[in-house]
Amino acid sequence: MADRVYPSSKPTANGGSTAAPPVANGGANPTFPANKGQLYNAARPPYRPRAPPRRRHRRGCCCWCCLWMTMLILVLIILAGIAGAVFFVLYRPHRPFFSVSSLQLSKFNLTDTSVTSAFNFTVTARNRNCKITFTYDQFSLKVLSGDVDIGDGSIPGFTQGKKNTTTLRTVISSSNTPIPDGTDISALKSSLKSKSLLLKIQFETKVMAKIGKIKTKNLKIRVTCDGIKISIPSGKMPTVATTSKVKCKADPRIKIIKWTV
């Protein structure tokens with residue numbers, strides 16, 4: 001008895017058999033659930049957002065400007081130093097030099113509100129420069145004992161040549177000059193009792209220097225001669241101060257000199 005063979009599928013209406021559906025992934029069974037590549041087309045490259053365009057910052061420009069400005073300042077400082085060194089080597093400049101030659105006190109009287117005095121003052125001015133000439137305006141002088149002004153005077157202006165020494169004489173005095181309110185005169189009264197005064201002389205002026213055809217503008221200077229001791233006269237004979245150890249110092253009141261040709 002022969003065996004019967006059964007078909008694997010039901011016959012279709014037209015007598016053919018139903019075809020098996022195509023299998024994806026090279027014959028492999030599909031996986032469930034579908035991954036992201038299957039859902040959004042795996043062949044499409046992934047989306048990558050573009051980086052924002054770089055902005056040009058001004059920081060680099062500022063750094064370069066600061067660097068160039070610093071270099072320029074350094075160059076100017078170096079050039080100024082070289083010019084100063086050349087000027088010093090060529091002209092060997094010296095400050096004006098002053099010294100007290102003599103000081104005599106012929107009259108002195110002190111009250112609680114006023115002071116009277118009379119000084120004969122002689123000062124020596126020296127120009128130690130070989131190529132620089134000084135021209136002075138009028139000098140204004142005052143004698144101080146502590147913080148109290150006990151005498152005032154003046155010296156006419158003059159021109160001092162190169163390597164020149166000039167002697168100047170004047171009278172410094174006060175006649176019942178009022179003492180400002182609030183001024184402490186206790187130290188001055190103590191000196192009056194001891195018949196000895198400790199003095200300081202200050203005089204101010206303006207000086208112009210001439211170097212060849214170059215002239216400076218007037219520069220204000222103050223000369224201070226400190227450490228002067230003198231006795232108070234008891235009669236008509238004036239007393240004389242010891243000035244051999246007195247030192248005078250000349251200081252400019254303005255630090256910047258403007259040159260004009």
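Visitor: Before we start, what does exposed mean here, and what does buried mean?
Guide: Exposed means over 50% relative accessible area, whereas buried means under 20%. Please keep in mind as we go that this is a predicted model.

Visitor: OK, so is Cys130 buried or exposed?
Guide: Cys130 has a relative accessibility of 52%, and because exposed means over 50%, this cysteine counts as exposed.

Visitor: How many disulfides are there, and which cysteines are joined?
Guide: The count comes to 1 disulfide, and it joins Cys225 to Cys248, with an S to S distance of 2.0 Å.

Visitor: Where do those two sit in the chain?
Guide: Cys225 lies in strand 10 (residues 219-231) and Cys248 in strand 12 (residues 247-252), so that the pair, 23 residues apart, links distant parts of the chain.

Visitor: Why is that disulfide called right-handed?
Guide: The torsion about the S-S bond of Cys225 and Cys248 is about 110°, and therefore the disulfide is right-handed.

Visitor: And are its two ends buried or exposed?
Guide: Cys225 is buried, with a relative accessible area of 0%, and Cys248, at 16% relative accessibility, also counts as buried.

Visitor: Switching to the backbone, what about phi of Lys163?
Guide: Lys163 is a residue other than glycine, yet its phi is positive, near 50°. Lys163 is placed in the loop between strand 6 (158-160) and strand 7 (164-178), and at 57% relative accessibility Lys163 counts as exposed.

Visitor: What about Asn176, and where is that one found?
Guide: Asn176, although not a glycine, has a positive phi of about 50°, and Asn176 is found in strand 7.

Technical notes. Residues are numbered from 1 along each chain as its sequence is written. This is a predicted model: local features need pLDDT of at least 70, side-chain atom pairs count only at pLDDT 80 or more; totals for chains, interfaces and linings use all residues. Side-chain values use heavy atoms; hydrogens and water are left out. A disulfide is a pair of cysteine sulfur atoms within 2.5 Å. Helices (H or I, at least four residues) and strands (E, at least two) are DSSP runs, numbered from the N terminus. Buried means under 20% relative accessible area, exposed over 50%, partly exposed in between (1.4 Å probe, protein chains only).
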